[in-house]
Amino acid sequence: MSGPLFPRWTNTVSRLSAAMLLAVPAIAIGGLLAYVRSPLVTNQARPVEQPIEFDHRHHAGDEQIDCRYCHWSVEKSPSAGIPSTTVCMSCHAQVWNKSPYLTEVRKAFFADQPIPWVRVHNLPDFVYFNHSIHVGKGVGCATCHGRVDQMGAIEQSAPLTMSWCLDCHRNPGPNLRPPEFITSMTWAPPAAKAEAEALAETLIKEYDVHSRTSCSTCHR
């Protein structure tokens with residue numbers, strides 16, 4: 001009788017080949033999923049250069065200026081609002097009114113032109129987001145925007161992915177806070193788990209919050 005058509009080591013090769021055929025697509029898909037969720041795509045932790053140096057650490061941190069003073073429409077509009085030069089000059093007509101750092105602000109004010117701020121938090125056009133609903137239901141500024149009072153240049157803190165939003169929509173309680181602390185950068189829920197859960201349940205009832213996970217909530 002003649003020997004086997006193929007040597008025994010070809011069995012190992014065939015098994016490895018089959019494993020590779022399954023592994024390579026799985027690794028490729030897994031790598032792609034990891035990539036689209038990485039800061040390279042979500043734009044997290046990337047300071048954005050603005051036309052004017054505006055340090056939130058000084059304004060929101062040192063001076064503790066309420067977010068709503070500059071972002072005046074956040075409680076009544078889908079947009080948080082971009083501060084006009086009039087808002088800037090309401091302080092800087094008296095404070096640092098000759099500072100070279102504010103030259104472009106003064107130019108824009110006297111020319112009656114808006115400052116061309118560069119957007120940092122930019123959701124896709126097919127996503128509907130309403131600031132006033134979230135603020136009105138007890139979601140604090142820091143929940144989505146992070147510790148703005150510690151940022152020299154504003155950067156995107158949260159991933160703002162669909163899964164990140166849905167995590168909150170499915171279980172909103174831990175992200176709610178009393179209305180007087182909506183713009184606070186330092187507020188935190190009680191450290192004790194039982195107290196935190198009790199506060200979350202109370203706020204859910206007070207704000208009349210319901211989980212919103214249907215597609216039409218964000219895609220209209």
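## Starting with helices

A helix here is a DSSP run of H or I with at least four residues, and a strand is a run of E with at least two. With that in hand, we can look at the stretch from residue 16 to residue 36: the span is 100% helix and 0% strand. Its end C-alpha atoms lie 30 Å apart. The UniProt record, an unreviewed entry, annotates residues 16–36 as "transmembrane region".

Please keep in mind as you explore that this is a predicted model.

## The whole protein

How many helices and strands does the protein have? There are 11 helices and 0 strands. Following the sequence, you will meet the pattern α-α-α-α-α-α-α-α-α-α-α. The radius of gyration is 26 Å, well over the 17 Å that the globule rule gives for 220 residues, so the protein is more spread out than a compact globule. Along its principal axes, the C-alpha trace spans about 105 × 45 × 35 Å.

## Two annotated domains

The unreviewed UniProt entry also names domains. One of them, "domain: Class III cytochrome C", covers residues 47–109 according to that record. In the model, this span is 41% helix and 0% strand, and its end C-alpha atoms lie 26 Å apart.

For residues 127–220, the record lists "domain: Cytochrome c7-like", again from an unreviewed entry. Here the span is 41% helix and 0% strand. How far apart do the end C-alpha atoms of residues 127–220 lie? They are 8 Å apart.

## Where α5 meets α6

Let us now zoom in on a pair of helices. Two packed helices are described by the angle between their axes and the distance between the axes. Helix α5 spans residues 85–92 and helix α6 spans residues 103–110. Their axes come within 10 Å and cross at roughly 120 degrees. Angles of 65 to 115 degrees count as roughly perpendicular and those over 145 as roughly antiparallel, and α5 and α6 are therefore oblique to each other.

The crossing of α5 past α6 is left-handed. Which residues make the contact? On the α5 side they are T85, T86, C88 and M89, while α6 brings V105, R106, A108 and F109. Sorted by character, the residues of this contact divide into 5 nonpolar, 2 polar and 1 charged.

Definitions and conventions:
Residues are numbered from 1 along each chain as its sequence is written. This is a predicted model: local features need pLDDT of at least 70, side-chain atom pairs count only at pLDDT 80 or more; totals for chains, interfaces and linings use all residues. Side-chain values use heavy atoms; hydrogens and water are left out. Axes are lines fitted to C-alpha atoms, for helices over the stretch in contact, and angles run from 0 to 180 degrees between N-to-C directions. Angles under 35 degrees count as roughly parallel, over 145 as roughly antiparallel, 65 to 115 as roughly perpendicular and the rest as oblique. A crossing is left-handed if the near helix is turned anticlockwise from the far one by less than a right angle, and right-handed if clockwise. Contact means heavy atoms within 4.5 Å. Ala, Val, Leu, Ile, Met, Phe, Trp, Tyr, Cys and Pro count as nonpolar, Asp, Glu, Lys and Arg as charged, and the others, Gly among them, as polar. UniProt positions are given in the numbering used here, feature names are shortened, and annotations may be inferred rather than shown by experiment. The radius of gyration is taken over C-alpha atoms; the globule rule is 2.2 Å times the number of residues to the power 0.38.
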